[in-house]
Amino acid sequence: MRCPFCNHSDDAVLDSRPLDSASVVRRRRMCKICQKRFTTYERLEEMPLMVVKSDQRREPYDRNKLREGILRACEKRPISMDTIDLIVAEVEYSLKDYVMEISSRAIGEKVLEKLLEIDQVAYVRFASVYKNFSDVDSFLKEFGKLEIQTQKQSARNRKKEGVSAIRRRKAA
Ligand SMILES: [Zn+2]
(Lines give C-alpha, C1' and ligand atoms only; values in the text may rest on other atoms or scores of the structure.)
Protein backbone atom coordinates (compact mmCIF):
# COMPACT_ATOMS: atom_id res chain seq x y z
CA MET A 1 0.00 0.00 0.00
CA ARG A 2 1.22 3.44 -0.81
CA CYS A 3 1.80 5.72 2.16
CA PRO A 4 -0.50 8.75 1.76
CA PHE A 5 2.15 10.95 3.39
CA CYS A 6 5.43 10.09 1.69
CA ASN A 7 4.20 7.84 -1.17
CA HIS A 8 6.49 4.92 -0.36
CA SER A 9 4.99 1.47 -0.47
CA ASP A 10 6.79 -0.20 2.39
CA ASP A 11 4.53 -0.59 5.39
CA ALA A 12 3.71 -2.84 8.32
CA VAL A 13 0.18 -3.93 9.17
CA LEU A 14 -0.52 -3.12 12.80
CA ASP A 15 -4.07 -4.31 13.04
CA SER A 16 -6.53 -6.02 10.71
CA ARG A 17 -10.24 -6.54 11.27
CA PRO A 18 -13.25 -7.27 9.13
CA LEU A 19 -15.99 -4.66 9.01
CA ASP A 20 -19.52 -5.80 9.77
CA SER A 21 -20.19 -6.69 6.14
CA ALA A 22 -17.20 -9.10 6.43
CA SER A 23 -16.30 -8.54 2.79
CA VAL A 24 -14.23 -5.50 3.69
CA VAL A 25 -11.19 -5.50 5.92
CA ARG A 26 -9.99 -2.44 7.75
CA ARG A 27 -6.23 -2.35 8.31
CA ARG A 28 -4.15 -0.02 10.39
CA ARG A 29 -0.78 0.39 8.75
CA MET A 30 2.45 2.12 9.57
CA CYS A 31 4.80 3.41 6.91
CA LYS A 32 8.32 2.05 7.45
CA ILE A 33 9.84 5.11 5.82
CA CYS A 34 8.14 8.06 7.52
CA GLN A 35 6.63 6.13 10.46
CA LYS A 36 3.20 7.71 10.00
CA ARG A 37 0.08 5.63 10.47
CA PHE A 38 -2.83 5.30 8.10
CA THR A 39 -5.93 3.16 7.59
CA THR A 40 -6.90 1.20 4.51
CA TYR A 41 -10.17 -0.49 3.62
CA GLU A 42 -9.66 -3.49 1.41
CA ARG A 43 -12.17 -5.48 -0.49
CA LEU A 44 -11.67 -9.23 -0.30
CA GLU A 45 -10.80 -10.71 -3.67
CA GLU A 46 -13.75 -13.07 -3.82
CA MET A 47 -16.18 -10.21 -3.32
CA PRO A 48 -16.67 -8.57 -6.69
CA LEU A 49 -16.92 -4.83 -6.97
CA MET A 50 -20.50 -4.02 -7.87
CA VAL A 51 -21.25 -1.65 -10.70
CA VAL A 52 -24.34 0.49 -10.20
CA LYS A 53 -26.04 1.18 -13.50
CA SER A 54 -28.07 4.25 -14.34
CA ASP A 55 -31.32 2.43 -13.55
CA GLN A 56 -29.86 1.50 -10.13
CA ARG A 57 -29.51 -2.18 -11.01
CA ARG A 58 -26.23 -3.68 -9.86
CA GLU A 59 -23.98 -6.18 -11.55
CA PRO A 60 -20.49 -7.49 -10.74
CA TYR A 61 -17.66 -5.58 -12.37
CA ASP A 62 -16.65 -7.37 -15.56
CA ARG A 63 -13.28 -6.70 -17.09
CA ASN A 64 -14.19 -8.24 -20.44
CA LYS A 65 -17.22 -6.05 -20.75
CA LEU A 66 -15.12 -2.96 -20.14
CA ARG A 67 -12.54 -4.13 -22.67
CA GLU A 68 -15.18 -4.87 -25.30
CA GLY A 69 -16.70 -1.42 -24.90
CA ILE A 70 -13.32 0.19 -25.45
CA LEU A 71 -12.53 -2.15 -28.37
CA ARG A 72 -15.76 -1.20 -30.10
CA ALA A 73 -14.98 2.50 -29.74
CA CYS A 74 -11.46 1.95 -31.11
CA GLU A 75 -12.53 -0.17 -34.10
CA LYS A 76 -10.54 0.67 -37.25
CA ARG A 77 -8.69 3.41 -35.43
CA PRO A 78 -4.87 3.46 -35.35
CA ILE A 79 -4.82 2.18 -31.78
CA SER A 80 -2.80 -0.89 -30.85
CA MET A 81 -4.11 -3.72 -28.68
CA ASP A 82 -1.35 -2.86 -26.24
CA THR A 83 -2.80 0.62 -25.86
CA ILE A 84 -6.29 -0.79 -25.30
CA ASP A 85 -5.00 -3.18 -22.66
CA LEU A 86 -3.15 -0.30 -21.06
CA ILE A 87 -6.38 1.73 -20.86
CA VAL A 88 -8.16 -1.25 -19.29
CA ALA A 89 -5.34 -1.72 -16.79
CA GLU A 90 -5.23 1.94 -15.85
CA VAL A 91 -9.00 2.22 -15.44
CA GLU A 92 -8.99 -0.98 -13.40
CA TYR A 93 -6.18 0.28 -11.24
CA SER A 94 -8.18 3.40 -10.40
CA LEU A 95 -11.07 1.16 -9.27
CA LYS A 96 -8.96 -0.01 -6.34
CA ASP A 97 -10.10 3.06 -4.45
CA TYR A 98 -13.67 1.81 -4.51
CA VAL A 99 -14.55 -0.68 -1.83
CA MET A 100 -18.08 -1.93 -2.41
CA GLU A 101 -19.52 -0.37 -5.51
CA ILE A 102 -18.98 2.19 -8.22
CA SER A 103 -21.38 3.77 -10.68
CA SER A 104 -21.09 2.77 -14.32
CA ARG A 105 -20.99 6.50 -15.00
CA ALA A 106 -17.79 6.90 -12.95
CA ILE A 107 -16.12 4.05 -14.86
CA GLY A 108 -17.22 5.59 -18.16
CA GLU A 109 -15.73 8.94 -17.18
CA LYS A 110 -12.40 7.29 -16.44
CA VAL A 111 -12.38 5.60 -19.84
CA LEU A 112 -13.28 8.87 -21.56
CA GLU A 113 -10.41 10.66 -19.82
CA LYS A 114 -7.99 8.11 -21.30
CA LEU A 115 -9.54 8.10 -24.78
CA LEU A 116 -9.49 11.87 -24.93
CA GLU A 117 -5.70 11.74 -24.74
CA ILE A 118 -5.43 9.04 -27.39
CA ASP A 119 -8.00 9.32 -30.15
CA GLN A 120 -10.84 11.78 -30.66
CA VAL A 121 -12.95 9.52 -32.85
CA ALA A 122 -12.79 6.72 -30.29
CA TYR A 123 -13.64 9.25 -27.61
CA VAL A 124 -16.79 10.47 -29.37
CA ARG A 125 -17.85 6.90 -30.16
CA PHE A 126 -17.45 5.79 -26.57
CA ALA A 127 -19.17 8.90 -25.28
CA SER A 128 -22.14 8.45 -27.61
CA VAL A 129 -22.67 4.85 -26.48
CA TYR A 130 -22.13 5.33 -22.81
CA LYS A 131 -23.71 8.73 -22.38
CA ASN A 132 -26.55 7.67 -24.61
CA PHE A 133 -26.82 11.14 -26.09
CA SER A 134 -30.53 11.62 -25.78
CA ASP A 135 -30.54 15.17 -27.03
CA VAL A 136 -28.55 17.51 -29.20
CA ASP A 137 -27.55 19.64 -26.21
CA SER A 138 -25.66 16.92 -24.38
CA PHE A 139 -23.87 15.93 -27.56
CA LEU A 140 -22.82 19.50 -28.25
CA LYS A 141 -21.66 19.88 -24.69
CA GLU A 142 -19.43 16.84 -25.09
CA PHE A 143 -18.21 18.16 -28.41
CA GLY A 144 -17.37 21.49 -26.80
CA LYS A 145 -15.10 19.69 -24.34
CA LEU A 146 -13.37 18.04 -27.26
CA GLU A 147 -12.71 21.34 -29.03
CA ILE A 148 -11.23 22.88 -25.92
CA GLN A 149 -8.97 19.86 -25.52
CA THR A 150 -7.88 20.08 -29.16
CA GLN A 151 -7.02 23.73 -28.77
CA LYS A 152 -4.99 22.97 -25.65
CA GLN A 153 -3.19 20.19 -27.48
CA SER A 154 -2.26 22.27 -30.49
CA ALA A 155 -1.11 25.04 -28.14
CA ARG A 156 1.10 22.48 -26.41
CA ASN A 157 2.43 21.22 -29.74
CA ARG A 158 3.23 24.76 -30.86
CA LYS A 159 5.11 25.28 -27.62
CA LYS A 160 7.07 22.07 -28.13
CA GLU A 161 7.96 23.04 -31.69
CA GLY A 162 9.15 26.41 -30.43
CA VAL A 163 11.43 24.78 -27.91
CA SER A 164 12.98 22.31 -30.35
CA ALA A 165 13.52 25.11 -32.86
CA ILE A 166 15.55 27.02 -30.27
CA ARG A 167 17.52 23.89 -29.40
CA ARG A 168 18.29 23.22 -33.02
CA ARG A 169 19.50 26.73 -33.52
CA LYS A 170 21.82 26.51 -30.51
CA ALA A 171 23.26 23.22 -31.68
CA ALA A 172 23.99 24.58 -35.15
ZN1 LIG B 1 5.40 7.28 4.62
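Trainee: Is Lys-110 buried, exposed or partly exposed?

Mentor: In this predicted model, burial is read by counting the C-beta atoms around a residue, and 20 or more within 10 Å are needed for a residue to be buried. Lys-110 has 19 other C-beta atoms within 10 Å and is therefore partly exposed.

Trainee: Where does Lys-110 lie, and which residues does Lys-110 touch beyond those up to four places away in sequence?

Mentor: Lys-110 lies in helix 3. Leaving aside residues up to four places away in sequence, Lys-110 touches Val-91 and Ser-94. As for Leu-95, 15 residues separate it from Lys-110 in sequence, and the C-alpha to C-alpha distance between the two is 9.5 Å.

Trainee: How many helices and strands are there in the chain, and in what pattern do they follow one another?

Mentor: The chain has five helices and six strands. Along the sequence the pattern is β-β-β-β-β-α-α-β-α-α-α. Of the 172 residues of the chain, 10% count as buried. Considering contacts between residues at least 6 apart in sequence, 42% join residues at least 24 apart.

Trainee: How should one approach the nonpolar core?

Mentor: In soluble globular proteins, nonpolar side chains tend to be buried together. In this chain, the largest nonpolar core has 14 residues, and those with the most contacts inside it are Ile-70, Ala-73, Val-111, Leu-115, Ala-122 and Phe-126. At least two residues of this core come from each of helix 1 (63–74), helix 2 (81–94), helix 3 (104–118) and helix 4 (120–130).

Trainee: Which residues does Ala-73 touch, not counting those up to four places away in sequence?

Mentor: Ala-73 touches Leu-115, Ala-122, Arg-125 and Phe-126.

Trainee: Why are helix 1 and helix 4 described as oblique to each other?

Mentor: One reads the angle between the axes; angles of 65 to 115 degrees count as roughly perpendicular and those over 145 as roughly antiparallel. The axes of helix 1 and helix 4 cross at roughly 125° and come within 8 Å. Helix 1 and helix 4 are therefore oblique to each other. The crossing in which helix 1 passes helix 4 is right-handed.

Trainee: Which residues make the contact, and how many of them are nonpolar, polar and charged?

Mentor: Helix 1 contributes Gly-69, Ala-73 and Cys-74, and helix 4 contributes Ala-122, Arg-125 and Phe-126. By class, this contact of helix 1 with helix 4 has four nonpolar residues, one polar residue and one charged residue.

Technical notes
Residues numbered from 1 in each chain as written. Predicted model: local features only at pLDDT ≥ 70, side-chain atom pairs only at ≥ 80, totals over all residues. Core = buried A, V, L, I, M, F, W, Y, C linked by C-beta atoms within 7 Å. Buried ≥ 20, exposed ≤ 12 C-beta atoms within 10 Å, placed from the backbone. Helix = DSSP H or I, 4+ residues; strand = E, 2+ residues; numbered from the N terminus. Contact = placed C-beta atoms within 7 Å. Axes fitted to C-alpha atoms, helices over the stretch in contact; angles between N-to-C directions. Parallel < 35°, antiparallel > 145°, perpendicular 65-115°, else oblique. Left-handed = near helix turned anticlockwise from the far one by under 90°. Nonpolar A, V, L, I, M, F, W, Y, C, P; charged D, E, K, R; others polar.
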